[in-house]
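I opened the notebook to look at how the chains meet and what surrounds the ligands. My entries follow the order in which I looked things up.

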Amino acid sequence: MDSSRRKFLKIAGITAVAGIGAPSALNMLMKQEVQASSAGDGHGAQPAAHGGEGGHGAAPVGKRYGMVIDAVKFHENPGMAEKCIEACHSYYNVPDFGNKKDEIKWLWQVPFTNAFPGDESHYKKDDRTHAMQFMVLCNHCDNPPCVRACPTKATFKNADGMVMMDFHRCIGCRFCMAACPYGARSFNWRDPRGSKDGVPFIKKVNPEFPTRMRGVVEKCSFCDLRVKRGLIPLCVEATGDSKAMVFGDLNDPNSEISQVLKARFTIQRKPSLGTMPSVFYII
Amino acid sequence: MLEKSLKGNLGYWAWVLFLLGIIGVGVICYIVQYNYGLGATGMSRDVTWGIYISQFTFLVGVAAGGLMLVLPYYLHHYKDFARITILGEFMAIASVAMCMLFIMADLGQPMRALNVVLHPTPNSMLFYDMIVLSGYLFLNVVCGWVVLHSEYKGIKYPNWVKPFIYISIPWAVSIHTVTAFLYCGLPGRHFWLTAILAPRFLASAFAAGPCLLMVIALIMKRTTKFDIGRVAQDKLVTIIGYAALLNFFFLGCEIFVAYYSTIPGHMHTLDYLYFGLADHATGQVYNNLVPFMLSSVVMGFAGIGLIFVSRYLKSDPLLALSCLLIFVSFWIDKGLGLVLGGFVPNGLEQITEYVPTFVELGITAGVWATGFFIITVLYKIAISVKLENEKTA
Ligand code: SF4
Ligand code: SF4
Ligand code: SF4
């Protein structure tokens with residue numbers, strides 16, 4: 001009886017390890033190619049993945065979308081920032097739980113010290129910069145630590161360099177939230193489709209975009225689906241023709257955003273971390 | 001062999017019932033959390049990992065600490081550890097089981113946990129952590145069970161387990177190293193971003209694991225006829241003492257780097273943990289972990305001092321007390337401060353404090369009780385076999 005138990009144990013153990021190890025090893029081998037090519041994508045300057053189109057490979061091929069935010073224009077146009085946030089959060093069914101602990105946000109405003117910690121000078125503070133608020137959102141980093149950390153590829157970089165979320169694959173481990181240095185990610189601590197005292201957390205559900213289930217992470221999507229259809233992101237659209245936000249392909253030297261970046265001095269959030277953010281600020 | 005766990009005195013059954021009661025409470029709390037979502041915990045957008053992940057981190061250490069009990073016997077044929085190797089292996093089994101339960105408790109979508117296997121992602125450290133932890137569980141189950149079973153039969157363990165035993169030794173190091181890599185590879189979290197995180201984890205593990213074992217062994221010495229022996233006890237004191245000192249040496253290195261360089265990011269979390277950190281804008285000071293962290297330091301040093309005194313005086317109660325002090329000290333240091341501190345301040349230099357909820361504490365207690373339940377049953381079997389063998393021998 002005991003020897004049969006031992007045999008069972010042996011077999012059970014071996015199958016367990018084989019069960020865990022084998023498919024992953026296989027998958028790893030099969031996905032090697034994909035992994036390698038997306039690693040090549042990592043540096044906006046020479047994305048090797050789309051080499052087939054270009055031919056000579058010297059010029060950057062493939063898209064890398066980015067955004068320039070002119071904080072001065074936002075400062076001069078009070079109320080515009082709120083309009084952008086509303087445009088984003090209402091379209092994407094971002095819930096409002098009415099408390100800080102459960103908070104979910106894709107786009108919001110913070111003072112200079114919070115947007116650019118460590119970058120302020122210590123003695124002289126110019127009043128204007130410190131009175132200004134800065135729009136913050138996911139930076140769609142070119143070298144995103146959140147993607148590196150995710151154990152399921154539920155967060156991944158798409159072909160246009162946008163960092164995306166697969167809500168149906170996310171296991172809710174929140175490793176990506178620990179990994180993101182910008183606090184760009186939110187977690188559904190409770191059911192966003194619910195309500196409290198008769199007031200639903202999502203005021204008016206927009207049927208064009210799915211609501212999320214509880215237990216998954218979400219963040220700004222750079223309006224990937226709109227951009228695919230040739231439209232600009234909703235927040236950019238909400239700034240009208242103030243040019244407070246400019247969106248476009250950083251790899252295209254003739255795009256408006258490339259022109260702005262060439263002409264103006266801009267800063268990024270925490271560039272020293274090597275994440276290569278795609279969002280730039282004019283201050 | 002399993003039937004040995006079903007024979008016990010009143011005290012044994014009372015203890016088992018007590019554990020089952022706490023497990024029951026844990027299950028109820030988990031149902032509450034499962035139905036409401038992780039919002040039932042104290043975690044927030046800024047502090048995204050709480051007591052579950054910090055317990056997980058600490059317990060990986062306890063599991064790895066089993067190495068210090070196994071290595072002297074298997075690698076150096078240190079005969080005086082013959083009676084405790086099996087206890088080390090069984091402690092590792094219980095700890096890894098707790099680790100896995102804590103991970104499951106922490107997932108927002110536990111039903112999708114298998115996605116880690118279905119969509120393996122070799123660039124994620126969590127992927128490797130899953131491999132090393134399940135591997136370590138497997139190794140300890142095989143080695144522990146086969147060795148004990150051979151003893152039960154009165155024969156020497158078969159040769160085929162030897163490779164598993166030898167692999168399990170570096171494997172123990174790997175589980176805690178990979179667990180440290182979960183943290184120390186993240187840009188922007190200055191407190192974790194340090195190359196000595198893995199060594200620090202290992203040092204505290206090699207103290208905390210044997211400490212727990214020692215306390216249990218001393219309890220068993222009183223309640224059963226099982227005695228690990230003075231020589232093994234004294235040797236363990238050396239191991240615990242030096243590992244604990246090494247842990248504080250590493251902590252000292254961290255403190256030097258932060259406060260001599262005076263780089264703000266490096267000082268913030270240490271400030272928060274040991275002194276309290278003031279918010280930029282409001283000037284409000286946040287310090288809810290300070291009493292814990294300071295007592296951790298005091299208890300740790302007191303424990304190290306006392307453990308050597310206890311050996312000199314050959315006093316078991318003092319030895320138990322000092323082990324308990326060191327264990328609790330390191331539990332606070334790693335089971336609270338290390339994970340929670342990493343989130344303060346957040347990436348925008350804002351401060352949010354974390355306080356666990358009752359539901360969260362109930363689940364945590366339930367998982368610990370499950371671990372102790374596993375240890376109790378396994379140790380019961382191991383001791384029965386050992387005592388019986390000695391009687392017949
Ligand atoms: S900002 Fe954060 S979430 Fe967005 S891509 Fe960068 S690391 Fe990922
Ligand atoms: S929470 Fe979801 S997206 Fe984030 S790391 Fe875990 S599985 Fe990936
Ligand atoms: S780009 Fe789209 S998703 Fe992102 S903040 Fe703007 S509107 Fe929201």
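**Entry: the interface.** I began with the area that chain B and chain A bury between them, which is about 5,200 Å². Carbon and sulfur atoms hold 58% of that area. I then asked which residues of chain B lose the most area to chain A. They are Arg45(B), Arg112(B) and Leu348(B), together 16% of what that side buries. I keep in mind that this is a predicted model.

Next I looked up the residues in the contact. Chain A gives 62 residues and chain B gives 58.

**Entry: polar links.** How many salt bridges cross the interface of chain B and chain A? I noted two. I wrote down the pair Asp106(B) and Arg174(A), a salt bridge whose closest N and O atoms are 2.6 Å apart. For polar contacts across this interface I recorded 32 residue pairs, both residues at pLDDT 80 or more.

**Entry: ligand 2.** Arg174(A) turned up again here. I found 13 residues around ligand 2, and Arg174(A) is among the closest, with Cys150(A), Cys170(A), Cys173(A) and Cys176(A). So far, then, I have Arg174(A) in a salt bridge with Asp106(B) and in the shell of ligand 2. I sorted that shell into ten nonpolar residues, two polar and one charged.

**Entry: ligand 1.** I looked up which residues come nearest to ligand 1. Of the 13 around this ligand, they are Cys138(A), Asn139(A), Cys141(A), Cys146(A) and Cys180(A). The shell of ligand 1 has nine nonpolar residues, two polar and two charged.

**Entry: ligand 3.** Where does ligand 3 sit? I located ligand 3 in the second largest cavity. Its surroundings include the cysteines Cys88(A), Cys220(A), Cys223(A) and Cys235(A). I also listed Tyr92(A), Trp106(A) and Phe222(A) around ligand 3. Leu107(A), Leu137(A), Leu234(A), Pro233(A) and Ser221(A) are in the list too. I counted eleven nonpolar residues and one polar in this shell, and no charged ones.

Methods. Residues numbered from 1 in each chain as written. Chains lettered and ligands numbered in written order. Predicted model: local features only at pLDDT ≥ 70, side-chain atom pairs only at ≥ 80, totals over all residues. Heavy atoms only, no water. Near = heavy atom within 4 Å. 1 Å grid on protein atoms, 1.4 Å probe; cavity = no way out; pocket = protein on both sides within 12 Å on 5 of 7 lines; lining within 4 Å. Sits in = over half its atoms within 2 Å of the grid points. Nonpolar A, V, L, I, M, F, W, Y, C, P; charged D, E, K, R; others polar. Contact = heavy atoms within 4.5 Å. Buried area = accessible area lost by both parts, 1.4 Å probe. Salt bridge = Lys/Arg side-chain N within 4 Å of Asp/Glu carboxyl O. Polar contact = N/O pair within 3.5 Å; in protein donor to acceptor, adjacent residues only side chain to side chain.
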